[in-house]
Amino acid sequence: MTSSSAGFVAGLTAAALAGVGFLGYQTSADVPAGLGTPGASGSPPGAAAKPSRAERDRAALPAVSGAGERVVYALGGDRVWLVGRGNTVRRTFTVAPGSIDPAPGTYEVTSRLGSVTGTDGAPIEHVVLFTDVDGLPVGFSAAVDAAASPADPSVRTGGVRESRADGDAMWRFATVGAKVVVIG
């Protein structure tokens, strides 16, 4: 190989590596923090970086949660998993359920609302509805005021409250028709 050929090949290699590096940066810049990280939650900065074994066990995707891309909602653990292709957990987080629980089973997202007033009177956003119980809509949402008080147990609500960061992730993941699996 002549020196001019070697220089040409070196230049092409450098250009290819720069292109791949740029595409990698561009891809990572578009991914919300923690979205692709198993066990990620909407925890504030400064939270413990390495969860304990008990926390990891509670955050593990239950084996009885179905297959395929889906939202899994565990009533007993008040936890949600956003499960992508290949049964990969894209995000998991805890939620605060309303006073009305859906029955365990498989549902589909029926509608979504950008912002509305919840049945408890709180302004909410990123509402992802998937069923109703006795005419009361049930779905995931985030309170606009992050300091909102817990749901009043005397008020019938089907809202499963998430943090705003988790609500954003749910909004991007669970479009109309997406599968929601509710387990006990």
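This passage walks through a five-stranded sheet, the helix lying across part of it, and a few aromatic contacts in a predicted model.

The sheet is open and mixed in its pairing, with its five strands laid out in the order S3-S2-S1-S9-S4. Strands S3 (89-94) and S4 (105-108) sit at the edges with a single partner strand each, so each has one side left without a neighbour in the sheet. On average, neighbouring strands are turned by 20° against each other, ignoring direction.

Starting from the S3 edge, S2 and S3 run antiparallel and share five bridges. Within this pairing, Trp81 has Thr92 of S3 as its bridge partner. The hairpin that S2 and S3 form has five residues between the strands, and here Gly86 adopts a positive phi near 70°. Over at the other edge, S4 pairs with strand S9 (residues 179-183), again in the antiparallel sense, through four bridges. Glu108 finds itself opposite Lys179 of S9.

As for what lies over the strands, helix H3 (residues 164-173) crosses S1 (70-74), S2 (79-83) and S3, and runs at about 140° to S3.

Turning to the aromatic side chains, a search of the whole structure comes up with three aromatic pairs. Tyr73, Tyr107, Phe130 and Phe140 are linked into a cluster by ring pairs. Trp171 has a charged companion instead: the charged end of Arg112 sits over the Trp171 ring, 3.7 Å from the ring centre. By residue number, Trp171 belongs to H3 (residues 164-173), the helix that lies across S1, S2 and S3.

How values were computed:
Residues numbered from 1 in each chain as written. Predicted model: local features only at pLDDT ≥ 70, side-chain atom pairs only at ≥ 80, totals over all residues. Heavy atoms only, no water. Pairing = 2+ DSSP bridges. Helix = DSSP H or I, 4+ residues; strand = E, 2+ residues; numbered from the N terminus. Axes fitted to C-alpha atoms, helices over the stretch in contact; angles between N-to-C directions. Contact = heavy atoms within 4.5 Å. Phe/Tyr/Trp six-rings, centres within 6.5 Å; stacked < 30°, edge-to-face > 60°. Lys NZ or Arg CZ within 6 Å of the ring centre and 35° of its normal.
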